[in-house]
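Biologist: I would like to learn how to read a few features from a model. Can we take them one by one, with the general idea before the case?

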Amino acid sequence: MRKYVAFLRAINVGGTTIIKMADLRKMFESFGLENVQTYIQTGNIIFESAETSASRLEEQIERQLENASGKPIRVFVRTMKEAAALVKDCPFEPGEGETVHVVILDKKPAKKNIDALIAQQSKADEFAVKGNSSAFNLRRDREASVFSNNFIEKVLGVPGTTRNLTTIKKIAEK
């Protein structure tokens, strides 16, 4: 069995797709996944599966979640080792009053899109793209920041979901 984490996009944020974590855990268990546990309300599900393909798991879970909830829900599956690498690969160390966000991407963006994101850097925001499927934001000034998940998706041209670095660290420790 391999240990994974599924990051669900737009769950319990903004009031659009609300699913109780206990219900989400039961859904994942009904999909045949094992040792299912949730972490905070934003759609982070840790589980084990004999499946070795994260992309196959994403497709299966998305299809099953839509059947169970009646809504399409974008899912990003990573092994726990990959989740730990997100923390290790983070190029930013936040200072007092700063926040680091990790954007888990569907795939590696085109170089021109990465360059367009980097060009958006300012005193409020610093951006980096690492590896095949992660972007990072160091937000120094919340009021002046341009950062949002939708902003990143638009500039990079690929779907993604965002978590605070602290959340990723806590998940990787499980």
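Biologist: Is Asp-141 buried, exposed or partly exposed?

Modeller: This is a predicted model, and the reading rests on relative accessible area, where under 20% is buried and over 50% is exposed. Asp-141 comes out at 35%, so it counts as partly exposed. Its place is the loop between strand 7 and helix 5 (149-156).

Biologist: How far apart in space are Asp-141 and Leu-117?

Modeller: Their C-alpha atoms are 17 Å apart, with the two positions 24 residues apart in sequence numbering.

Biologist: Strand 7 comes before that loop. What is the accessibility of Ser-134?

Modeller: Ser-134 has a relative accessible area of 7%, and because that is under 20% it counts as buried. The residue belongs to strand 7, which covers residues 134-139.

Biologist: Which residues does Ser-134 touch?

Modeller: Leaving aside residues up to four places away in sequence, Ser-134 touches Leu-86, Val-103, Leu-105, Ala-128 and Val-129. In addition, a polar atom of the Ser-134 side chain lies 2.9 Å from the backbone oxygen of Lys-130.

Biologist: How many residues of helix 5 are buried?

Modeller: Six of its eight residues are buried, so helix 5 is largely enclosed by the rest of the structure. The buried ones are Asn-149, Phe-151, Ile-152, Glu-153, Val-155 and Leu-156. They pack against strand 5 (99-105), helix 4 (111-118), strand 6 (125-130), strand 7 and strand 8 (160-164). After helix 5 comes Gly-157, with a positive phi near 75°.

Biologist: Which residue has a positive phi although it is not a glycine?

Modeller: That is Asn-35, with a phi of about 50°. Asn-35 sits in strand 2. Its relative accessible area is 51%, so it is exposed.

Biologist: Now the sheet. What is the order of the strands in the open sheet of four?

Modeller: Strands of a sheet pair through backbone hydrogen bonds, in a parallel or an antiparallel sense. Here the order is 2-3-1-4, and the pairing is antiparallel. Strand 2 (34-39) and strand 4 (75-79) stand at the edges; each has a single partner strand, so one side of each lacks a neighbour in the sheet. On average, neighbouring strands of this sheet are turned by 25° against each other, direction ignored.

Biologist: Over how many bridges do strand 2 and strand 3 pair?

Modeller: Strand 2 and strand 3 (residues 44-49) pair over four bridges, in the antiparallel sense. As for a particular bridge, Thr-38 has Ile-45 of strand 3 as its partner.

Biologist: Which helix lies across strand 1, strand 3 and strand 4?

Modeller: Helix 2 (residues 54-69) lies across strand 1 (2-8), strand 3 and strand 4. Against strand 4, helix 2 runs at about 145°.

Biologist: What describes a pair of packed helices?

Modeller: The description uses the angle between the axes and the distance between them. For helix 3 (residues 80-88) and helix 6 (residues 165-172), the axes come within 9 Å and cross at roughly 140°. The two helices are therefore oblique to each other. The crossing of helix 3 past helix 6 is left-handed.

Biologist: Which residues meet between helix 3 and helix 6?

Modeller: Helix 3 contributes Met-80, Ala-83, Ala-84, Leu-86 and Val-87. From helix 6 come Leu-165, Ile-168, Lys-169, Ile-171 and Ala-172. Leu-86 is also among the residues that Ser-134 touches.

Key. Residues are numbered from 1 along each chain as its sequence is written. This is a predicted model: local features need pLDDT of at least 70, side-chain atom pairs count only at pLDDT 80 or more; totals for chains, interfaces and linings use all residues. Side-chain values use heavy atoms; hydrogens and water are left out. Buried means under 20% relative accessible area, exposed over 50%, partly exposed in between (1.4 Å probe, protein chains only). A polar contact is a pair of N or O atoms within 3.5 Å; within protein, one must be able to donate a hydrogen and the other to accept it, and residues adjacent in sequence count only if both atoms are side-chain atoms. Contact means heavy atoms within 4.5 Å. Two strands pair if DSSP finds at least two bridges between them. Axes are lines fitted to C-alpha atoms, for helices over the stretch in contact, and angles run from 0 to 180 degrees between N-to-C directions. Angles under 35 degrees count as roughly parallel, over 145 as roughly antiparallel, 65 to 115 as roughly perpendicular and the rest as oblique. A crossing is left-handed if the near helix is turned anticlockwise from the far one by less than a right angle, and right-handed if clockwise.
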